[in-house]
Amino acid sequence: MLAVNFTPEQLTVLQQVDAQQNVEQLSALFAKSALDEAELVQVLSTANALYRAGLPVLTDAQYDLYIAMLSDINPQHVYLHTVEPEVLATAKTVELPERMLSTEKAYTLTDIEKWLKRILKAAQELNIAKADIELRVTPKLDGYAAYDDGKTLYTRGDGYRGQDISRAFARGLKVAAKGERGLGPGEIVIKKSYFDEELSEFFENSRNIQAAIIAEKKVDENVQKAIDDGACVFYPFALLVNKTAHYSDIIEHFDDIIAQMWQAVDFDIDGVILEATHSEIKAHMGATRKNHRWQIAYKVNEESAEVEVVNIIPQTSRTGRISPVAELVPTKLSGATISRVTVHHYNMVKSKRIGPGAVVQLVRSGLVIPKIEKVIKEAKPQLPEQCPSCNSHLLWESDHLICPNKSDCPAQTENTLIHFFKTLGNNDGFGPKVIEKLSHYGIKHIHEIYQLQVHQFASFGFGDKTAQNLFDQLKASREIEIEDWRFLSAFGVSRLGAGNCENLLQHHSITALFDLTAAELVKIDGFAQLSAEAIVEGLANIKAEFFKVYQLGFNLAATPKASAQVESSSPIAGTVIVFTGAMQQGSRGDMEKQAKSLGAKVAKSVTGKTTYLVTGEKVGETKIKAAEDKGVSVLTEQAYLDLIAGD
Ligand SMILES: [Zn+2]
């Protein structure tokens, strides 16, 4: 099916697996379209070994296709019923603290419907009403699976035994979402935006970086920087964003749910995971040797095509960056005709030589915007010298060409205004055409638009009816209630999308944000140093315009404060708890689970962030003293149980 030429690095890995490997025969297998059972297993094992080594030879979609072919021939084949083994294993394996199962995969809505029927059947057997069945949906991270017990980080290995890769944490790897160590299974992942901006020129794909993070040899300096910048993280599943939906809503809103999950994280994902949340249903359904029966992964098929570039068009964004847009010979991909694709930045156009006549490989997964996977045939790149909107001489700023004309570039002004009204989303008069006209008449700021009178709109050439309508729309957009995070994100500050705005506003009121320092921002979960600095700078840039608009009197609904949410829930919500010693009234594992379900974070070792140290029997005095020295409250098991009981 595929023409495969192994690279020298891939050949080294294949040698490690089997020194007698006949490479030509192996390449021939990949090229074959009809394979027997043994051949399929050989292709799969080879692909798997290379994947684990960070040198993938197949895309995930291609790998899954081979799996499906094997499953057709022999659904009982042992390869399908063991967790994908790690073939790079030269190091010693150790037993995992808990079994790590993989997830059953579905590729069609019909598969999901079948699985839902099994959930329903289990519920009926337990006399649980259909209306009470809830399902949790999380993004399926496309990273490197690992297990963190708080002391050691393990690879998944064969699901029972993995390798110790704690060195990843020693290199400074952080837990995502400012989580603690010890939260069990998760994935090592790299922020997509960071990969695109900082790493794509050094690495073909993020898989190579995942491999570098855990490799025994010294870490590449670019990867080390990504670790230090907090762009490479270990993401425990327990901390993933998720959405809970009722049983009957899943199929009806399936596309929306998938699309939401896709936008929810800045990491590569290759599908979503659905699982029943009801503990009785989970216990009743149990697990096979390989998967939990109450959980399924929906993987979105990936399609790719080789497409010829016709032209590269520069477009000035609202931030002044010039985006290269490649016009393509129109091509069908996953059901849509694609005729243009945005290239990351002009440095990529330059270094990968993308110009008219170049051929690129385009990839599209499900509903996602297609992207250029690689350049198949190079061509002389086109690099603009002047801003297409204002003719200013363009400058290089790291990988980007930028228009330095911040105050007077029509494209920057118009795109800022369009972004504002689009994000606000409570009026439909101010699209690109109207904004372009206003800009032509010298209207450059949001507050100026809101001050326009009916006769002024008319003098710009709008008909009487339209002029009145635009005026009414502006009035209504101030009167209709709108969330303050939406209002703030409409200003388009870099790194202040809706999610970050909501997070910020859970801690500070909207007008107080402008006085915050980067150090104060970093104290909020979810903001790293670099983002914090960029946000402080971005807020300072919009401050004058923000207050001019704010003072026009919008009907803003304040985001509920995080502290209010915590107070209203359990006595230990938001605290960090460490359990130590032998517990008398239950296993430590059960107590940890219960604490997590009550909103506490459970950590394995005492740090300055720890709230309570809960001590069972046989805990040394020095341990207790050390905790007290750090300002940690030390509780006996009984005192802790009284605390959560609310006594
Ligand atoms: Zn310009």
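## His400, the zinc site and the nonpolar cores

His400 is a buried residue, its relative accessible area being 7%, which falls under the 20% limit for that class. The description that follows refers to a predicted model. His400 belongs to strand S19, and its side chain makes a polar contact, at 3.4 Å, with the side chain of Arg321. When neighbours within four places in sequence are set aside, the residues in contact with His400 are Glu197, Arg321, His344, His345 and Leu395.

One of these partners, His345, can be followed further. His345 is placed in the loop between strand S15 (336–342) and helix H13 (346–351), and with a relative accessible area of 4% His345 is likewise buried. Leaving out neighbours within four places in sequence, His345 is in contact with Asp196, Ser200, Pro324 and Asp399 as well as with His400.

Strand S19 (400–402) also borders a part of the chain that takes part in metal binding. The zinc ion is coordinated, at 2.3 Å, by the SG atoms of Cys387, Cys390, Cys403 and Cys409. Because the angles subtended by the four donor atoms run from 99 to 114°, the arrangement around the zinc ion is tetrahedral. Cys387 sits in the loop between strand S17 (371–377) and strand S18 (395–397), whereas Cys409 sits in the loop between S19 and helix H14 (410–424), so this pair ties together parts that are 22 residues apart in sequence. Along the chain, the donors follow the spacing C-x2-C-x12-C-x5-C. Cys387 is buried, at 1% relative accessibility, and Cys409 is buried as well, with a relative accessible area of 0%.

The relative accessible areas of several residues discussed in this report are set out below.

| Residue | Relative accessible area | Class |
|---|---|---|
| Cys387 | 1% | buried |
| Cys409 | 0% | buried |
| His345 | 4% | buried |
| Ala177 | 39% | partly exposed |
| Ser398 | 68% | exposed |

Ala177 and Ser398 also call for a comment on the backbone. Ser398, placed in the loop between S18 and S19, has a phi near 45°, a positive value in a residue other than glycine. Ala177, in the loop between strand S7 (174–175) and strand S8 (184–190), has a positive phi of about 55° although it is not a glycine.

The largest nonpolar core holds 47 residues, of which Phe420, Phe430 and Leu438 touch the most other members. Two or more residues of this core come from each of H14, helix H15 (432–440), helix H16 (446–450), helix H18 (464–479), helix H19 (484–489), helix H20 (498–505), helix H21 (518–522) and helix H22 (529–550). The largest share, seven residues, is given by H22. Leu438, with residues up to four places away in sequence not counted, touches Phe430, Ile443, Ile449, Leu452, Phe457, Phe460 and Phe462. Another core, of 38 residues, lies apart from this one and has Leu116, Ala122, Val265 and Ile269 among its members.

As for the overall layout, the domain assignment of the protein chain gives domain 1 (8–81), domain 2 (93–299), domain 3 (302–396), domain 4 (410–557) and domain 5 (576–645). Between the C-alpha centres of domain 1 and domain 5 there is a separation of 48 Å.

How values were computed. Residues numbered from 1 in each chain as written. Predicted model: local features only at pLDDT ≥ 70, side-chain atom pairs only at ≥ 80, totals over all residues. Heavy atoms only, no water. Domains from an automatic or database assignment. Donors = N, O, S within 2.8 Å, 3.2 Å for Na, K, Ca; no water. Tetrahedral: all angles 85-135°; square planar, octahedral: opposite > 155°, others 65-115°. Helix = DSSP H or I, 4+ residues; strand = E, 2+ residues; numbered from the N terminus. Buried < 20%, exposed > 50% of the residue type's maximum accessible area, 1.4 Å probe, protein only. Polar contact = N/O pair within 3.5 Å; in protein donor to acceptor, adjacent residues only side chain to side chain. Contact = heavy atoms within 4.5 Å. Core = buried A, V, L, I, M, F, W, Y, C linked by side-chain atoms within 4.5 Å.
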